[in-house]
Amino acid sequence: MLQILLVILPVFLLIFLGWVCRKRGFPGEGFWAPAEKLTYFILFPALLVATLAEADFSGLDLLPMALAVDGAILLMTALTLALKPLLGIDGPGFTSLYQGAIRMNSYIGLSVSYGLFGAAGLTAAALAVAAIVPLANVCCVLILARYGSAAQPTVLGVLKEFARNPLILGCVLGGLLNATGLGLPPVADDMLHILGRAALPLGLLAVGAALSLQAVKNVKALAFGITVLKLAVLPAITLGIALLLGVQGTALAVAVLFNALPTATSSYILARQLGGDAQLMAALVTLQTAASMLTIPLVLALVAAPA
């Protein structure tokens with residue numbers, strides 16, 4: 001537990017530093033949105049390509065791990081839809097609760113995985129991103145299309161968004177380079193690794209800058225229930241499925257970790273664009289990020305055996 005805490009504490013201190021900088025107006029209000037865009041479109045994809053292109057997958061249960069994380073998300077989807085008639089909330093509010101129940105903050109997951117398990121953890125984390133991002137995006141867009149208040153996205157529009165999603169593209173490119181045995185050319189190798197090293201610290205700072213304590217002050221009671229579902233129930237479901245499928249070691253710990261992560265800050269943007277409850281979404285992101293400081297160490301203590 002001590003080693004887990006020593007790894008997780010710097011991650012959340014960086015998030016806190018990002019929040020303090022934004023609160024103090026440093027380095028300027030115009031900095032954070034471009035910084036987050038740079039991380040999302042350039043730095044994070046570079047990290048995924050470099051990691052997957054050079055990864056050694058021989059020690060990982062790839063398919064069972066992917067089935068565990070995605071199966072848990074599908075079960076949580078069924079559970080939230082079954083609970084909807086009992087929640088007493090409008091459609092846009094439900095879409096935000098749903099996003100809060102299944103989406104994950106990749107920056108935190110990658111940082112913790114690398115800190116605990118080194119290169120093997122980073123590889124497993126990249127695979128978790130590859131498994132979760134497409135499914136979570138499809139599910140969230142469909143739920144927003146059904147219950148959101150904005151114009152409904154078309155099938156072609158959804159496919160276009162997938163085709164230009166930088167995280168999906170990074171996973172596909174890195175996976176192809178690995179599968180074909182091409183790897184990374186020397187110059188591209190160095191460049192992608194330099195970019196990738198900047199992804200996690202800047203991403204974590206941007207997570208902190210996006211938090212809104214003001215939104216939490218007006219939070220609805222349901223947000224606390226969804227936080228419990230996301231940070232406790234979803235990882236428990238993931239653990240059960242993973243054990244049934246025989247997932248072990250680093251793959252097991254990372255699979256459970258990724259479904260125990262707080263909701264991504266990008267959920268707020270999706271809620272705003274597709275007619276969700278953006279204010280509720282901002283509150284969920286902040287509430288879950290704060291709560292995960294306590295829940296992630298507890299979850300990892302049950303499944304992780306750091307090297």
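## A look inside the helices

The largest cavity in this model is lined by Thr 80, Leu 83, Leu 87, Phe 94, Leu 97, Tyr 98, Ile 226 and Leu 229. Keep in mind that this is a predicted model.

Let's start with that enclosed space. A search of the whole structure turns up 1 cavity of 30 Å³ or more, and the largest cavity holds about 40 Å³ of space. Which helices build its wall? At least two lining residues each come from helix 3 (62–87), helix 4 (91–102) and helix 10 (221–244). Sorted by class, the lining has 7 nonpolar residues, 1 polar residue and no charged ones.

Helix 4 deserves a visit of its own. This helix has 12 residues and reaches 17 Å from its first C-alpha to its last, close to the 16 Å expected at 1.5 Å a residue. How many of the residues of helix 4 are buried? The count is 12 of 12, so helix 4 is mostly covered. Among the buried residues are Phe 94, Leu 97 and Tyr 98, names you have already met in the cavity lining. Gly 91, Pro 92 and Gly 93 are also buried. What covers the buried residues of helix 4? The cover includes helix 3, helix 5, helix 10, helix 12 and helix 13.

Helix 12 brings us to Ser 267, which lies in that helix. Is Ser 267 buried or exposed? Its relative accessible area is 0%, and because buried means under 20%, Ser 267 counts as buried. Leaving aside residues up to four places away in sequence, Ser 267 touches Gln 99, Arg 103 and Met 281. Of these partners, Gln 99 is one of the buried residues in helix 4.

Now for the open spaces. Here are the two largest pockets side by side.

| Pocket | Volume | Largest share of the lining | Lining by class |
|---|---|---|---|
| Largest pocket | about 1500 Å³ | helix 2, 8 residues | 29 nonpolar, 10 polar, 8 charged residues |
| Second largest pocket | about 470 Å³ | helix 8, 6 residues | 13 nonpolar, 7 polar, 4 charged residues |

The largest pocket has a volume of about 1500 Å³. Which residues sit closest to its centre? Of the 47 residues in its lining, they are Tyr 40, Thr 265, Ser 266, Ile 269 and Leu 270. Several helices each give at least two residues to this lining, including helix 2 (32–53), helix 5 (106–147), helix 8 (186–210) and helix 12 (266–273).

The second largest pocket has a volume of about 470 Å³. Its lining has 24 residues, and those closest to its centre are Thr 51, Tyr 114, Ala 119, Leu 122 and Thr 123. Helix 2, helix 5, helix 8 and helix 11 (249–258) are the elements that give two or more residues to this lining.

One last stop is a pair of charged side chains. How many salt bridges does a search of the whole structure find? The answer is 1 salt bridge. Glu 29 forms a salt bridge with Arg 22, and their closest N and O atoms are 2.6 Å apart. Glu 29 is exposed, with a relative accessible area of 51%, whereas Arg 22, at 31% relative accessibility, counts as partly exposed. Try finding this pair in the structure, then go back to Ser 267, which is buried at 0%.

Methods:
Residues are numbered from 1 along each chain as its sequence is written. This is a predicted model: local features need pLDDT of at least 70, side-chain atom pairs count only at pLDDT 80 or more; totals for chains, interfaces and linings use all residues. Side-chain values use heavy atoms; hydrogens and water are left out. On a 1 Å grid over the protein atoms alone, a cavity is a set of points where a 1.4 Å probe fits but cannot get out, and a pocket is an open set with protein on both sides within 12 Å along at least five of seven lines; lining residues have an atom within 4 Å of a point. Grid points are joined across faces, edges and corners, and a volume is the space filled by probe spheres set on the points. Ala, Val, Leu, Ile, Met, Phe, Trp, Tyr, Cys and Pro count as nonpolar, Asp, Glu, Lys and Arg as charged, and the others, Gly among them, as polar. Buried means under 20% relative accessible area, exposed over 50%, partly exposed in between (1.4 Å probe, protein chains only). Contact means heavy atoms within 4.5 Å. A salt bridge is a side-chain nitrogen of Lys or Arg within 4 Å of a carboxyl oxygen of Asp or Glu. The expected span of a helix is 1.5 Å times one less than its number of residues.
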